Amino acid sequence: MAAFNMSVNKSEEVSLHYDEIVHSECSLFKRQDVLDAMETVNQTLGNMVTFTIASSVFTRKEIILASFKEGMLKDYLENRTERMLVRKTIYEAGFLEYIEDKVCMELERVGKYIYRSFLKAAHGPIKDDLLKLARFVYSTSLKKLGKVLSGKKHLLADPKQASAYFSTIVYNEALEQLATYAHQAACIKNLMEREHLHRGISEESLARNVDYIEVNEHIEMIRVKHDKAFKIHRTLSIWCEDWVISRVNSVIKGTKSIREKKRILKKDQSISDYLNSLKKHTYEQLEKHITMYQNVNNNESVLDVLKQKKEAIRSYFAIQKDHIKN
(Lines give C-alpha, C1' and ligand atoms only; values in the text may rest on other atoms or scores of the structure.)
Protein backbone atom coordinates (compact mmCIF):
# COMPACT_ATOMS: atom_id res chain seq x y z
CA MET A 1 0.00 0.00 0.00
CA ALA A 2 2.79 2.40 0.88
CA ALA A 3 4.62 1.66 -2.39
CA PHE A 4 1.39 2.11 -4.35
CA ASN A 5 0.74 5.47 -2.66
CA MET A 6 4.34 6.52 -3.29
CA SER A 7 3.99 5.97 -7.03
CA VAL A 8 0.61 7.74 -7.22
CA ASN A 9 1.49 10.70 -4.95
CA LYS A 10 5.08 11.03 -6.24
CA SER A 11 6.43 11.31 -2.71
CA GLU A 12 8.93 9.19 -0.77
CA GLU A 13 7.12 10.13 2.47
CA VAL A 14 3.62 8.66 2.63
CA SER A 15 1.09 7.94 5.35
CA LEU A 16 -1.47 5.22 5.96
CA HIS A 17 -4.44 5.60 8.26
CA TYR A 18 -4.09 3.31 11.26
CA ASP A 19 -7.68 2.04 10.85
CA GLU A 20 -6.87 0.95 7.29
CA ILE A 21 -4.54 -1.63 8.84
CA VAL A 22 -6.38 -2.45 12.09
CA HIS A 23 -10.17 -2.31 12.09
CA SER A 24 -11.95 -1.67 15.36
CA GLU A 25 -14.11 -4.74 14.74
CA CYS A 26 -11.04 -6.99 14.65
CA SER A 27 -10.43 -7.66 18.33
CA LEU A 28 -7.78 -10.35 17.73
CA PHE A 29 -5.34 -7.93 16.07
CA LYS A 30 -3.80 -5.65 18.70
CA ARG A 31 -1.74 -2.48 18.55
CA GLN A 32 1.33 -4.42 19.67
CA ASP A 33 0.98 -6.64 16.60
CA VAL A 34 1.32 -3.53 14.42
CA LEU A 35 4.38 -2.37 16.34
CA ASP A 36 5.97 -5.83 16.07
CA ALA A 37 5.28 -5.97 12.35
CA MET A 38 6.74 -2.50 11.83
CA GLU A 39 9.85 -3.47 13.77
CA THR A 40 10.26 -6.58 11.63
CA VAL A 41 9.94 -4.54 8.43
CA ASN A 42 12.38 -1.92 9.71
CA GLN A 43 14.95 -4.59 10.57
CA THR A 44 14.66 -6.56 7.33
CA LEU A 45 13.85 -3.81 4.80
CA GLY A 46 15.33 -0.80 6.59
CA ASN A 47 17.65 -0.16 3.68
CA MET A 48 14.58 0.62 1.57
CA VAL A 49 11.84 1.83 3.90
CA THR A 50 11.15 2.51 7.58
CA PHE A 51 7.80 2.76 9.35
CA THR A 52 6.83 4.85 12.37
CA ILE A 53 3.58 5.75 14.13
CA ALA A 54 2.57 9.38 14.49
CA SER A 55 -0.51 11.40 15.33
CA SER A 56 -2.31 13.56 12.76
CA VAL A 57 -2.35 17.22 13.86
CA PHE A 58 -5.77 17.63 12.24
CA THR A 59 -7.70 14.52 13.28
CA ARG A 60 -5.68 13.55 16.38
CA LYS A 61 -5.83 9.97 15.08
CA GLU A 62 -2.82 7.71 14.71
CA ILE A 63 -1.25 7.32 11.29
CA ILE A 64 1.54 5.09 10.04
CA LEU A 65 4.34 6.96 8.26
CA ALA A 66 6.44 5.21 5.61
CA SER A 67 9.78 6.81 4.73
CA PHE A 68 11.40 5.39 1.61
CA LYS A 69 15.11 5.90 1.02
CA GLU A 70 16.14 8.92 -1.02
CA GLY A 71 15.94 8.13 -4.73
CA MET A 72 13.61 5.18 -4.15
CA LEU A 73 10.77 6.92 -5.96
CA LYS A 74 12.85 7.38 -9.08
CA ASP A 75 13.93 3.74 -9.04
CA TYR A 76 10.38 2.63 -8.35
CA LEU A 77 8.95 4.74 -11.14
CA GLU A 78 11.52 3.39 -13.57
CA ASN A 79 11.33 -0.28 -12.66
CA ARG A 80 8.29 -1.30 -10.63
CA THR A 81 5.83 1.53 -10.84
CA GLU A 82 2.12 1.11 -11.20
CA ARG A 83 2.41 3.48 -14.15
CA MET A 84 4.66 1.09 -15.98
CA LEU A 85 2.17 -1.66 -15.23
CA VAL A 86 -0.69 0.46 -16.57
CA ARG A 87 1.10 1.14 -19.85
CA LYS A 88 2.36 -2.43 -20.20
CA THR A 89 -1.06 -3.98 -19.53
CA ILE A 90 -2.87 -1.69 -21.96
CA TYR A 91 -0.16 -2.17 -24.59
CA GLU A 92 -0.36 -5.95 -24.34
CA ALA A 93 -4.15 -5.72 -24.64
CA GLY A 94 -3.76 -4.18 -28.09
CA PHE A 95 -3.44 -0.40 -27.75
CA LEU A 96 0.03 0.38 -29.07
CA GLU A 97 0.21 4.15 -28.58
CA TYR A 98 1.92 5.94 -25.70
CA ILE A 99 -0.37 7.02 -22.84
CA GLU A 100 0.42 10.36 -21.22
CA ASP A 101 1.19 10.60 -17.51
CA LYS A 102 -1.98 12.59 -16.78
CA VAL A 103 -4.18 9.78 -18.11
CA CYS A 104 -2.16 7.12 -16.27
CA MET A 105 -2.47 9.06 -13.02
CA GLU A 106 -6.26 9.13 -13.31
CA LEU A 107 -6.38 5.39 -14.00
CA GLU A 108 -4.10 4.80 -11.01
CA ARG A 109 -6.44 6.81 -8.79
CA VAL A 110 -9.26 4.46 -9.74
CA GLY A 111 -6.96 1.57 -8.82
CA LYS A 112 -6.19 3.22 -5.50
CA TYR A 113 -9.92 3.60 -4.85
CA ILE A 114 -10.45 -0.13 -5.53
CA TYR A 115 -7.74 -1.10 -3.03
CA ARG A 116 -8.91 1.31 -0.34
CA SER A 117 -12.59 0.41 -0.63
CA PHE A 118 -11.90 -3.33 -0.72
CA LEU A 119 -9.51 -3.05 2.21
CA LYS A 120 -12.07 -1.06 4.18
CA ALA A 121 -14.49 -3.96 3.77
CA ALA A 122 -11.86 -6.63 4.49
CA HIS A 123 -12.18 -8.32 7.86
CA GLY A 124 -10.69 -11.50 9.24
CA PRO A 125 -9.96 -14.41 6.89
CA ILE A 126 -11.19 -12.73 3.68
CA LYS A 127 -8.73 -9.82 3.84
CA ASP A 128 -6.04 -11.43 1.69
CA ASP A 129 -8.65 -12.75 -0.74
CA LEU A 130 -10.17 -9.29 -1.18
CA LEU A 131 -6.79 -7.68 -1.79
CA LYS A 132 -5.98 -10.31 -4.42
CA LEU A 133 -9.42 -9.72 -5.91
CA ALA A 134 -8.77 -5.96 -5.96
CA ARG A 135 -5.61 -6.54 -8.01
CA PHE A 136 -7.48 -8.94 -10.32
CA VAL A 137 -10.35 -6.48 -10.90
CA TYR A 138 -7.91 -3.64 -11.54
CA SER A 139 -5.66 -5.60 -13.92
CA THR A 140 -8.56 -7.21 -15.80
CA SER A 141 -10.26 -3.83 -16.21
CA LEU A 142 -7.05 -2.32 -17.61
CA LYS A 143 -6.92 -5.13 -20.18
CA LYS A 144 -10.53 -4.49 -21.17
CA LEU A 145 -9.77 -0.77 -21.50
CA GLY A 146 -6.79 -1.56 -23.71
CA LYS A 147 -8.97 -3.63 -26.05
CA VAL A 148 -11.42 -0.78 -26.75
CA LEU A 149 -9.14 2.26 -26.48
CA SER A 150 -8.28 2.31 -30.19
CA GLY A 151 -11.90 3.20 -30.92
CA LYS A 152 -12.13 5.71 -28.07
CA LYS A 153 -8.98 7.79 -28.47
CA HIS A 154 -10.92 10.93 -27.57
CA LEU A 155 -10.73 9.76 -23.94
CA LEU A 156 -6.98 10.34 -23.97
CA ALA A 157 -7.56 14.06 -24.50
CA ASP A 158 -9.52 14.29 -21.24
CA PRO A 159 -8.00 12.31 -18.34
CA LYS A 160 -11.11 12.81 -16.18
CA GLN A 161 -13.35 11.30 -18.85
CA ALA A 162 -10.86 8.45 -19.25
CA SER A 163 -11.05 7.67 -15.53
CA ALA A 164 -14.86 7.88 -15.57
CA TYR A 165 -15.00 5.41 -18.47
CA PHE A 166 -12.46 3.15 -16.77
CA SER A 167 -14.45 3.28 -13.54
CA THR A 168 -17.47 1.94 -15.44
CA ILE A 169 -15.38 -0.97 -16.72
CA VAL A 170 -14.28 -1.64 -13.12
CA TYR A 171 -17.92 -1.67 -12.00
CA ASN A 172 -18.84 -4.16 -14.73
CA GLU A 173 -15.97 -6.43 -13.70
CA ALA A 174 -16.88 -6.20 -10.00
CA LEU A 175 -20.49 -7.09 -10.86
CA GLU A 176 -19.25 -10.09 -12.81
CA GLN A 177 -17.19 -11.21 -9.82
CA LEU A 178 -20.22 -10.67 -7.57
CA ALA A 179 -22.22 -13.16 -9.67
CA THR A 180 -19.28 -15.58 -9.76
CA TYR A 181 -18.87 -15.62 -5.97
CA ALA A 182 -22.64 -15.85 -5.43
CA HIS A 183 -22.68 -18.92 -7.69
CA GLN A 184 -19.62 -20.35 -5.94
CA ALA A 185 -21.26 -19.90 -2.53
CA ALA A 186 -24.46 -21.57 -3.78
CA CYS A 187 -22.56 -24.57 -5.15
CA ILE A 188 -20.54 -25.02 -1.96
CA LYS A 189 -23.70 -24.75 0.14
CA ASN A 190 -25.34 -27.43 -2.00
CA LEU A 191 -22.33 -29.70 -1.44
CA MET A 192 -22.25 -28.92 2.28
CA GLU A 193 -25.90 -29.95 2.71
CA ARG A 194 -25.37 -33.45 1.23
CA GLU A 195 -25.09 -35.12 4.63
CA HIS A 196 -25.38 -38.70 3.33
CA LEU A 197 -22.43 -38.13 1.00
CA HIS A 198 -20.22 -36.83 3.81
CA ARG A 199 -21.34 -39.57 6.18
CA GLY A 200 -20.42 -42.17 3.58
CA ILE A 201 -16.99 -40.62 3.00
CA SER A 202 -16.32 -40.41 6.75
CA GLU A 203 -17.38 -44.00 7.40
CA GLU A 204 -15.34 -45.29 4.48
CA SER A 205 -12.29 -43.37 5.69
CA LEU A 206 -12.64 -44.47 9.32
CA ALA A 207 -13.99 -47.98 8.58
CA ARG A 208 -16.77 -47.57 11.13
CA ASN A 209 -20.09 -45.84 11.70
CA VAL A 210 -19.94 -42.12 12.51
CA ASP A 211 -22.37 -39.81 14.31
CA TYR A 212 -23.64 -36.34 13.44
CA ILE A 213 -20.84 -34.57 15.31
CA GLU A 214 -18.14 -36.39 13.35
CA VAL A 215 -19.89 -35.65 10.06
CA ASN A 216 -20.11 -32.01 11.08
CA GLU A 217 -16.36 -31.98 11.75
CA HIS A 218 -15.77 -33.57 8.36
CA ILE A 219 -17.48 -30.71 6.53
CA GLU A 220 -15.87 -27.92 8.59
CA MET A 221 -13.43 -26.98 5.81
CA ILE A 222 -16.30 -26.88 3.31
CA ARG A 223 -18.20 -24.61 5.70
CA VAL A 224 -15.17 -22.29 5.94
CA LYS A 225 -14.97 -22.06 2.12
CA HIS A 226 -18.70 -21.31 1.90
CA ASP A 227 -18.41 -18.63 4.55
CA LYS A 228 -15.51 -17.00 2.69
CA ALA A 229 -17.26 -17.08 -0.70
CA PHE A 230 -20.47 -15.72 0.81
CA LYS A 231 -18.69 -12.86 2.61
CA ILE A 232 -16.80 -11.87 -0.55
CA HIS A 233 -20.06 -11.94 -2.51
CA ARG A 234 -21.74 -9.71 0.10
CA THR A 235 -18.80 -7.29 0.05
CA LEU A 236 -18.96 -7.01 -3.74
CA SER A 237 -22.72 -6.57 -3.59
CA ILE A 238 -22.39 -3.59 -1.25
CA TRP A 239 -19.47 -2.19 -3.29
CA CYS A 240 -21.46 -2.30 -6.56
CA GLU A 241 -24.44 -0.60 -4.93
CA ASP A 242 -22.22 2.08 -3.40
CA TRP A 243 -20.63 2.69 -6.82
CA VAL A 244 -24.02 3.51 -8.37
CA ILE A 245 -25.09 5.65 -5.42
CA SER A 246 -21.85 7.66 -5.43
CA ARG A 247 -22.33 8.57 -9.09
CA VAL A 248 -25.89 9.68 -8.51
CA ASN A 249 -24.83 11.73 -5.49
CA SER A 250 -22.06 13.33 -7.54
CA VAL A 251 -24.50 15.08 -9.85
CA ILE A 252 -27.66 15.75 -7.83
CA LYS A 253 -26.73 16.10 -4.15
CA GLY A 254 -23.93 18.61 -4.25
CA THR A 255 -21.28 16.21 -2.99
CA LYS A 256 -18.98 17.16 -5.85
CA SER A 257 -17.80 20.49 -7.25
CA ILE A 258 -19.20 21.98 -10.46
CA ARG A 259 -15.96 20.98 -12.17
CA GLU A 260 -16.45 17.40 -11.00
CA LYS A 261 -20.03 17.38 -12.26
CA LYS A 262 -18.82 18.56 -15.67
CA ARG A 263 -16.37 15.68 -15.68
CA ILE A 264 -19.14 13.17 -15.02
CA LEU A 265 -21.76 14.70 -17.34
CA LYS A 266 -21.05 14.57 -21.05
CA LYS A 267 -21.26 17.75 -23.09
CA ASP A 268 -24.81 19.17 -23.17
CA GLN A 269 -26.06 16.23 -21.05
CA SER A 270 -28.65 17.00 -18.38
CA ILE A 271 -28.71 15.36 -14.95
CA SER A 272 -31.91 13.54 -15.94
CA ASP A 273 -30.28 12.20 -19.11
CA TYR A 274 -27.24 11.07 -17.11
CA LEU A 275 -29.41 9.21 -14.58
CA ASN A 276 -31.35 7.49 -17.37
CA SER A 277 -28.09 6.48 -19.03
CA LEU A 278 -26.66 5.18 -15.74
CA LYS A 279 -29.85 3.28 -14.96
CA LYS A 280 -29.95 1.76 -18.45
CA HIS A 281 -26.34 0.61 -18.22
CA THR A 282 -26.83 -0.86 -14.74
CA TYR A 283 -29.94 -2.75 -15.81
CA GLU A 284 -28.20 -4.09 -18.93
CA GLN A 285 -25.30 -5.47 -16.90
CA LEU A 286 -27.61 -7.12 -14.36
CA GLU A 287 -29.83 -8.58 -17.10
CA LYS A 288 -26.76 -9.98 -18.87
CA HIS A 289 -25.80 -11.95 -15.77
CA ILE A 290 -29.39 -12.98 -15.02
CA THR A 291 -29.72 -14.40 -18.55
CA MET A 292 -26.40 -16.22 -18.25
CA TYR A 293 -27.24 -17.88 -14.92
CA GLN A 294 -30.71 -18.94 -16.01
CA ASN A 295 -29.01 -21.79 -17.88
CA VAL A 296 -26.68 -22.83 -15.03
CA ASN A 297 -27.35 -25.51 -12.41
CA ASN A 298 -27.72 -24.48 -8.76
CA ASN A 299 -28.59 -21.00 -9.98
CA GLU A 300 -31.60 -20.10 -7.81
CA SER A 301 -29.54 -18.29 -5.17
CA VAL A 302 -27.56 -16.37 -7.79
CA LEU A 303 -30.68 -15.30 -9.65
CA ASP A 304 -32.28 -14.17 -6.40
CA VAL A 305 -29.17 -12.09 -5.58
CA LEU A 306 -29.14 -10.42 -9.01
CA LYS A 307 -32.90 -9.81 -9.08
CA GLN A 308 -32.83 -8.34 -5.57
CA LYS A 309 -29.95 -6.11 -6.63
CA LYS A 310 -31.90 -4.92 -9.67
CA GLU A 311 -34.97 -4.21 -7.54
CA ALA A 312 -32.88 -2.25 -5.02
CA ILE A 313 -31.35 -0.19 -7.83
CA ARG A 314 -34.79 0.34 -9.41
CA SER A 315 -36.20 1.65 -6.13
CA TYR A 316 -33.19 3.91 -5.63
CA PHE A 317 -33.51 5.49 -9.08
CA ALA A 318 -37.25 6.00 -8.55
CA ILE A 319 -36.53 7.89 -5.33
CA GLN A 320 -33.92 10.04 -7.05
CA LYS A 321 -36.29 10.79 -9.92
CA ASP A 322 -38.83 12.12 -7.42
CA HIS A 323 -36.02 14.07 -5.72
CA ILE A 324 -35.19 15.84 -8.99
CA LYS A 325 -38.84 16.70 -9.64
CA ASN A 326 -39.21 18.19 -6.17
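This section describes the fold, the small sheet and the nonpolar cores of a predicted model.

The protein chain comprises 326 residues, of which 40% count as buried. Its secondary structure consists of 14 helices and three strands. Among contacts in the protein chain with a separation of 6 or more, 66% are made by residues 24 or more positions apart. The exposed surface of the protein chain amounts to about 18900 Å², and carbon and sulfur atoms supply 53% of this area.

The three strands form an open sheet in the order β1-β3-β2, with antiparallel pairing. The edge positions are taken by β1 (13-17) and β2 (49-55), each of which pairs on one side only. On average, and with direction ignored, neighbouring strands of the sheet are turned by 30° against each other. Strand β3 (residues 62-68) runs antiparallel to β2 and is joined to β2 by seven bridges. Within this pairing, phenylalanine 51 has alanine 66 of β3 as its bridge partner. The pairing of β1 with β3, also in the antiparallel sense, extends over five bridges. Here serine 15 has leucine 65 in β3 as its bridge partner.

Side-chain orientation was examined along β1. In a regular strand, side chains alternate between the two faces of the sheet. In β1, Val14 and Leu16 point to one face and are buried, whereas Glu13, Ser15 and His17 point to the other face and are not buried.

Helices also pack on this sheet. Helix α1 touches β1, β2 and β3, and the direction of α1 makes about 125° with that of β1. Helix α3 (residues 31-45) touches β2 and β3, and the direction of α3 makes about 150° with that of β2.

The largest nonpolar core contains 59 residues, and those touching the most other members are Ile90, Leu107, Ile114, Phe118, Leu133, Phe166 and Leu306. Two or more residues of this core are contributed by each of α1 (2-9), α5 (82-92), α6 (101-121), α7 (127-148), α8 (159-192), α11 (220-252), α13 (271-293) and α14 (300-325). The largest share, 13 residues, is supplied by α8. A second, separate core of 15 residues includes Ala2, Tyr18, Phe51 and Phe68. With neighbours within four places in sequence left aside, isoleucine 114 is in contact with Ala134, Val137, Tyr138 and Val170.

The cysteines were considered next. The number of disulfides is zero when cysteine sulfur atoms are required to lie within 2.5 Å. Cysteine 187 has a relative accessible area of 28% and is therefore partly exposed, as this value falls between the limits of 20% and 50%. Cysteine 240, in turn, counts as buried because its relative accessibility of 2% is under the limit of 20%.

Outside the regular elements, glutamate 97 is found in the loop between α5 and α6. With a relative accessible area of 42%, glutamate 97 is partly exposed. Glutamate 97 lies ten residues from arginine 87 in sequence, and the C-alpha to C-alpha separation of these two residues in space is 9.3 Å.

How values were computed: Residues numbered from 1 in each chain as written. Predicted model: local features only at pLDDT ≥ 70, side-chain atom pairs only at ≥ 80, totals over all residues. Heavy atoms only, no water. Core = buried A, V, L, I, M, F, W, Y, C linked by side-chain atoms within 4.5 Å. Buried < 20%, exposed > 50% of the residue type's maximum accessible area, 1.4 Å probe, protein only. Helix = DSSP H or I, 4+ residues; strand = E, 2+ residues; numbered from the N terminus. Contact = heavy atoms within 4.5 Å. Pairing = 2+ DSSP bridges. Axes fitted to C-alpha atoms, helices over the stretch in contact; angles between N-to-C directions. Areas by Shrake-Rupley, 256 points an atom, 1.4 Å probe, with all protein chains shown as cover.
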